[in-house]
Amino acid sequence: MKDKAIELAPVDKIVAGYSHDYDSNLIAILQESQDEYGYLPKSVLKEISRLTDVPLTRIFGVVTFYSQFTLIPRGKHSIKICNGTACHVRGVDEVKDRVKEYLNVTEGQTTADYQFTLETVACIGTCFLAPVMMVDDRYFGKLTTDTVADIVKEYSN
Amino acid sequence: MLKRLKSHDDLIAMRKSGDKKLKQDKVKASICMTGCRALGAQEVYEEFGKQVKKQKLQDKVEVVETGCQGLCARAPVMTIDPPDAPSIFYGRVTVDIVPDIISNTILKGEVINKLCYASAGKKIPYLNDIPFYSRQNKIVLRNCGIIDPNSIEQYIEKKGYDAFAKALFEYDPEQIIREITKSGIRGRGGAGFPTGLKWGFCRKAKGDTKYLICNADEGDPGAFMDRAILEGDPHAVIEGMLIAARAIGSEKGFVYVRAEYPIAVSHLRNAIAQARKLNLLGNNILGSGFNFDLEIKMGAGAFVCGEETALIASIEGKRGMPRPRPPFPANSGLWNKPTNINNVETLANIPVIIAEGADWYKQLGTKNGSGTKIFALAGKVKNTGLVEVPMGTTLREIIFDIGGGIPGRRGFKAAQMGGPSGGCVPEEHLDLPIDYESVKEVGAIMGSGGLIVMDNDTSMVDISRYFMEFVQEESCGKCVPCRVGTRKMLDILTRITKGEGCKEDIEDLKEMAYVTQTASLCGLGQTAPNPVLSTIRYFMNEYEALIK
C-alpha cells in the first residue's frame, strides 16, 4: 500500500530543523509532522527514517507508545473529553454519551465528514471546572448534556 | 525593551526602576487569563481593553492579564486593586458587566454586590476577608494571579531573580545545598524525597556534564498546581532551576511539559526567551562566568513519563519506559550523565528558601515536612481551586473552612488524595494534620496534591474501579506484575460494580494488590493498588453490598 499523494517537502523541512541531533528530537519531529499532516502517514515515517537514519522499527515503536500520535487521518477539530477524577465524579460520562450521540462516533473515531475526532484524555488539569473538554486548544468547562452539543455545533460551521 | 544585564548591579537597577512604576496611582484590574479562559475570561479581558481605550482611561486603569487567582469555582475571576484601598474580588464576570465595573468600581470605588463572593447569604467584597484567601499562606503561589506571567519586568519588580543572584554571588554550591537541606524541603511531586540530599548526590557524582530536569509532566488526574505555577509564574520555576543548576554544577536543563498544557508551554517559552534577552539564561550570566540554558521538551501523552527514568527515556527520544534503579539518575541519568530531576512546585519553592533562609522556611509546616503544600481542590466541594497551606493543616480546614464545604444536602464521604497512587481518606481522619507520614499512615499518599472531595452520592467501589482502569491503560507493559496485575484487578472490580462479584474477590484483590505493590518495577505499579486497598479498608460495606 502506497500513499503517493502525500507531499514530502514539509517533512524534509521539519527534519532539517533538527539536524544537530535527530536522535533525541525524534518525538519533536513526529509532533511537528503530525501538526503538519494531521496524522502520521506511512510515507512520512519512512521519509523521517531515511533522513535521520533512525530505524523505522524504532520510529513505529515510539509512535505506538505515546497516545498523542495517530497513524490514521483525523478530523479537522479534535475534541478531547476529560476523563479525570473530578470530571468522573461530576458526571462526565453522560456528557460524553451526548457528544457521541450527536456526532455519531465512539471514542477514538472520526466523523465521516472528517470534521471531528472524539478522544478522551486522562486529565487536562482544569478539574475546578469539571466536567471539562478541549476543542483544539480551547477549554470548555462546567459542561452539561444541554450545553455540550451547542459547543460542538458551533465548530461545525 | 529588554536590555542585557551585565552584572548584579544591573539587576538591582532594573528592579529599582520598576519600583517607581509600582507606585503609580492607577487602579489595577487583574483578570485571570489561564484556567478562567474556559469560561470566557479572554472575552472579558478584551472588553476591558476596548472600554479603557474608548473612555480614554489609560492613565487611571491598568488592566493586567494574570495567572490563576485560586478561587476557580467563581471563574472567570478578577481582582481590583485601588492604589490605597483593599483589593476587591469579583467572580462570574461577564462581558456585559464590564462597563459597570469600570464606572462604578474602578472610577467610584463602589462595590457591585452580585459579583462578590457570598457565604451563608452574606456578600464579602474584599479579597482578604474571604476565608478562602485569608486562611491560606501563599509562598509558592506568591506571584500567581498577581503579576502578568508574560512580563519578566513584573517578576523582577517583585524581587524576582534576587534569590538567584544571592545564590550566585554570595553562596558557593555547597552552601546552597546545605541551606536547602537545612530547610527540610521534600520533593513535591509525590515521593517526598529530601531535595537537598538529591542535589548533594548529583553534585558529588563524577562527570563534567550534568543535567537538570524540571518534571512538569503533571499526569495525576485531579492535580493542576504545576500547570497553574507554569502558567501564572513561570519565572519562579526558571529561577529555581538556575539555583539548582548552580548547586549541582549543571549548564544544561530541560523542562518536560505535558502537551495537554498549551498555555503553560506558551508562557514558559516566552519566559525563557525573556530571561535569555536579559542574560539570566545563557553564557556568563550576570557577568559571573556561570553558564546555564534551558530547553522545553514536550510530552506526547504517557502518564508513566512522570516516573523519572521513563521521563529520561522520553527526553532521549525513546519510548517512555522506566528502568530498574540503581543506577540512580543522580549518577547515570540522561544520556548516562549525572542528572537531577525536580518537580515544578519543588523548584518554585527554592527561590523563597534562598531569599528568606532555611530557618524561616522551617518554621512553616511540621517536623516531617516543612514549608507549604499546594492542593488542587476539586470534586464535590464549593470552592474548587488552588489552595496553598502550611504542612500540618487538617483536611477539615482545607475542605470546610477554605473549600466552603460540600454543596447540596449530601454530606462528606471521603477525600481522595494522591490520585491513582493515593487513597480515599474517610470522615474519621478529617482532623489529621497533613504531612507526608501522616497521610501514608491512613492509607493515602501526599502525592502531587490532588484533593478530590466525594459526597455520599459517590460509590467508592466505582472510584476504585475508575483508578484501576486509569493505571491499567497507562501501564507501559514492561514488567509483568504491573501489566497483568492491574488488568486482573480491573476485571474483578468491573465484575463487582456490575453486581457479579463473588465472596473470594476481596481476598483475590488483596493478594494481587500485594504482588503488584512489591514486585513492580516503578512507582506506577508499586502504588497502583492503593486506591483499591484504601477503599477496602474504609468502605468494605460498599463492596459487600455489591457482592451480596
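# Exercises on a two-chain model

B:Trp335 has 13 other C-beta atoms within 10 Å and is therefore partly exposed. The cut-offs are these: buried means that 20 or more other C-beta atoms lie within 10 Å of a residue's own, exposed means 12 or fewer, and partly exposed is in between, with C-beta atoms placed from the backbone.

The model is predicted; local features need pLDDT of at least 70, side-chain atom pairs count only at pLDDT 80 or more, and totals for chains, interfaces and linings use all residues. Residues are numbered from 1 along each chain as its sequence is written, while chains are lettered from A and ligands numbered from 1 in the order in which they are written.

**Exercise 1. Find where B:Trp335 and B:Tyr161 lie, and state the sign of phi for each.**

Step 1. B:Trp335 belongs to the loop between α12 and β10 (339-343) of chain B. Helices (H or I, at least four residues) and strands (E, at least two) are DSSP runs, numbered from the N terminus.
Step 2. Its phi is near 45°, a positive value in a residue other than glycine.
Step 3. B:Tyr161 sits in the loop between α5 (152-157) and α6 (162-169) of chain B, and phi of B:Tyr161 is near 65°, again positive in a residue other than glycine.
Step 4. B:Tyr161 counts as buried because it has 27 C-beta neighbours inside 10 Å.

**Exercise 2. Locate the cis peptide bonds at A:Pro131 and B:Pro76.**

Step 1. In chain A, the cis bond joins A:Ala130 and A:Pro131, with omega about -5°. A:Pro131 is placed in the loop between β2 (116-121) and β3 (133-135) of chain A.
Step 2. In chain B, the bond from B:Ala75 to B:Pro76 is cis, and omega is near -10°. B:Pro76 is placed in the loop between β2 (61-66) and β3 (78-81) of chain B.

**Exercise 3. Describe how α10(B) packs on α13(B).**

Step 1. Helix α10 (residues 234-248) and helix α13 (residues 344-356) of chain B have axes 7 Å apart, at an angle of about 75°. Axes are lines fitted to C-alpha atoms, for helices over the stretch in contact, and angles run from 0 to 180 degrees between N-to-C directions.
Step 2. α10(B) and α13(B) are therefore roughly perpendicular to each other. Angles of 65 to 115 degrees count as roughly perpendicular, under 35 as roughly parallel, over 145 as roughly antiparallel and the rest as oblique.
Step 3. The residues in contact (C-beta atoms, placed from the backbone, within 7 Å) include B:Met241 and B:Ile243 in α10(B), and B:Leu347 and B:Ile354 in α13(B).
Step 4. By class, this contact has eleven nonpolar, one polar and one charged residues. Ala, Val, Leu, Ile, Met, Phe, Trp, Tyr, Cys and Pro count as nonpolar, Asp, Glu, Lys and Arg as charged, and the others, Gly among them, as polar.

**Exercise 4. Work out what each chain gives to the contact between chain A and chain B.**

Step 1. Chain B gives 41 residues and chain A gives 35 residues.
Step 2. On the side of chain B, the elements giving two or more residues are α12 (308-315), β13 (372-379), β17 (450-455) and α17 (460-474).
Step 3. β13(B) provides the largest share of that side, three residues.
Step 4. Sorted by class, the side of chain B has 21 nonpolar, twelve polar and eight charged residues.

**Exercise 5. Summarise the fold of chain A.**

Step 1. Chain A has seven helices and four strands, in the order α-α-α-α-β-α-α-β-β-β-α from the N terminus.
Step 2. Of its 157 residues, 39% count as buried.
Step 3. The C-alpha atoms of chain A fill a box of roughly 50 × 30 × 20 Å along the principal axes.

How values were computed
Two residues are in contact if their C-beta atoms, placed from the backbone, lie within 7 Å.
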